[in-house]
Amino acid sequence: MIPHWAVERRKMIEMQLRRRGIRDERILSAMEEIPREQFIPPEARLSAYEDGPVPIGFGQTISQPYMTALMAELLELTGGESVLEVGAGCGYAAAVLGKLAARVVAIEIVPALAETARENLERTGLGPNVSVICGDGSLGYPEGAPFDAISVAAGARDIPPALLAQLQDPGRLVMPVGDYADQELRVVAKRDGQIQSRVAALCRFVPLRGEGGF
Ligand code: SAH
């Protein structure tokens, strides 16, 4: 049977997001509009609306929908921001962020995934304000800095200093910090030159590679 994607998507919004406390209507409608199944390789497409991470090849995953929504919510975007996403994967979270902010730069270290993310964004028409760069995002993207918001979709022991340096003042960053297997989702707020950090959730992300990663 061919799944009715729009129905699956609405169920995901209701059961996985709204019921768990995601309140920002802009995020809920962005995720209701974006065809998540089109950001998932054909062989895993039937899992597109599952309540967990789904493999996308190269040992990587597309994050659980709730985690994508939570991270976007923690960034408190209002529409005018310039956003950096580290770890684009197949580009789904970048597409969501693109609906919530003015501009998104999404960096992906695996060349084939960066290419797939680019194709997915183009095919779904969500590309115009999202650029996908292939490179080591643990060093940020100095050419585009400063960023009003930074979302890191891979875990490391610490927040790479380059990312804090490229965060605008005021600005917000979310990132999983911990060991290889388990992390806490940190929310960092920069304001008046001061950094404040808190833990928003426990989480499990793939490891951040590159110079500022594992
Ligand atoms: N944002 C994705 C999640 C992708 S998983 C989503 O939409 O759900 C995290 C991704 O980070 C993987 O694709 C991995 O290859 C990438 N990654 C790991 N270390 C990186 C680094 N240093 N720079 C850029 N990307 C990195």
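Where does P146 lie? P146 sits in the loop between β5 (130-134) and β6 (147-152). The peptide bond joining A145 and P146 is cis, with omega of about 0°. This is a predicted model, and the report below moves from the whole chain to single residues.

## The chain as a whole

The chain holds six helices and nine strands. Its radius of gyration is 16 Å, close to the 17 Å that the globule rule gives for 214 residues, so the chain is as compact as a globular protein of that length. Along the principal axes, the C-alpha atoms fill a box of roughly 55 × 35 × 35 Å.

Half of the story is inside. Buried residues make up 50% of the 214 residues. The chain exposes about 9,900 Å². Carbon and sulfur atoms supply 51% of that area. Contacts also reach along the sequence: among those between residues at least 6 apart, 55% join residues at least 24 apart.

## Helices α1 and α2

Two packed helices are described by the angle between their axes and the distance between the axes. Helix α1 (residues 5-17) packs against helix α2 (residues 25-33) at an angle of about 145°. Their axes are 8 Å apart. The crossing of α1 past α2 is right-handed.

Which residues meet here? From α1 come R9, R10, M12, I13 and L17. From α2 come L28, M31, E32 and E33. By class, this contact of α1 with α2 has five nonpolar, no polar and four charged residues.

## Helix α4

Helix α4 (residues 92-100) is mostly covered. Eight of its nine residues are buried. They are Y92, A93, A94, A95, V96, L97, G98 and L100.

## Four residues, buried or exposed

The table sets out four residues with their places and relative accessible areas.

| Residue | Place | Relative accessible area | Class |
|---|---|---|---|
| V54 | strand β1 (residues 54-57) | 2% | buried |
| L208 | segment after β9 (194-203) | 6% | buried |
| S63 | loop between β2 (60-62) and α3 (65-74) | 19% | buried |
| F58 | loop between β1 and β2 | 54% | exposed |

Why does S63 count as buried? Buried means under 20% relative accessible area. S63 has 19%, so S63 is buried. Leaving aside neighbours within four places in sequence, S63 is in contact with R36, P53, T68 and F205.

V54 is buried at 2%. Not counting residues up to four places away in sequence, V54 touches I40, A44, S47, Q60, T61 and I62. Among them, Q60, T61 and I62 take in the stretch of β2 (60-62). The C-alpha atoms of V54 and V152 are separated by 18 Å, with the two residues 98 apart along the chain.

What does L208 touch? Beyond residues up to four places away in sequence, L208 touches V86, S138, V152, A154, G155, A156, P160, M175, G213 and F214. G155 is one of these partners. The C-alpha atoms of L208 and G155 are separated by 5.1 Å, although the residues are 53 apart along the chain. L208 counts as buried, at 6% relative accessibility.

## Backbone exceptions

Most residues other than glycine have a negative phi, and most peptide bonds are trans. Several sites in this model depart from that pattern.

Start with the peptide bonds. The bond from A145 to P146 is cis. The bond from D169 to P170 is cis too, with omega near 0°. Which element holds P170? P170 is placed in strand β7 (residues 167-178), whereas P146 is in a loop.

Next comes phi. F58 is not a glycine, yet its phi is positive, at about 60°. F58 lies in the loop between β1 and β2. Is this residue buried or exposed? F58 is exposed, with a relative accessible area of 54%.

E76 is not a glycine either, and has a positive phi of about 50°. Where is E76 placed? E76 falls in the loop between α3 and β3 (82-86).

Definitions and conventions:
Residues are numbered from 1 along each chain as its sequence is written. This is a predicted model: local features need pLDDT of at least 70, side-chain atom pairs count only at pLDDT 80 or more; totals for chains, interfaces and linings use all residues. Side-chain values use heavy atoms; hydrogens and water are left out. Axes are lines fitted to C-alpha atoms, for helices over the stretch in contact, and angles run from 0 to 180 degrees between N-to-C directions. Helices (H or I, at least four residues) and strands (E, at least two) are DSSP runs, numbered from the N terminus. A crossing is left-handed if the near helix is turned anticlockwise from the far one by less than a right angle, and right-handed if clockwise. Contact means heavy atoms within 4.5 Å. Ala, Val, Leu, Ile, Met, Phe, Trp, Tyr, Cys and Pro count as nonpolar, Asp, Glu, Lys and Arg as charged, and the others, Gly among them, as polar. Buried means under 20% relative accessible area, exposed over 50%, partly exposed in between (1.4 Å probe, protein chains only). The radius of gyration is taken over C-alpha atoms; the globule rule is 2.2 Å times the number of residues to the power 0.38. Accessible areas come from the Shrake-Rupley method with a 1.4 Å probe; for residues, only the protein chains shown count as cover.
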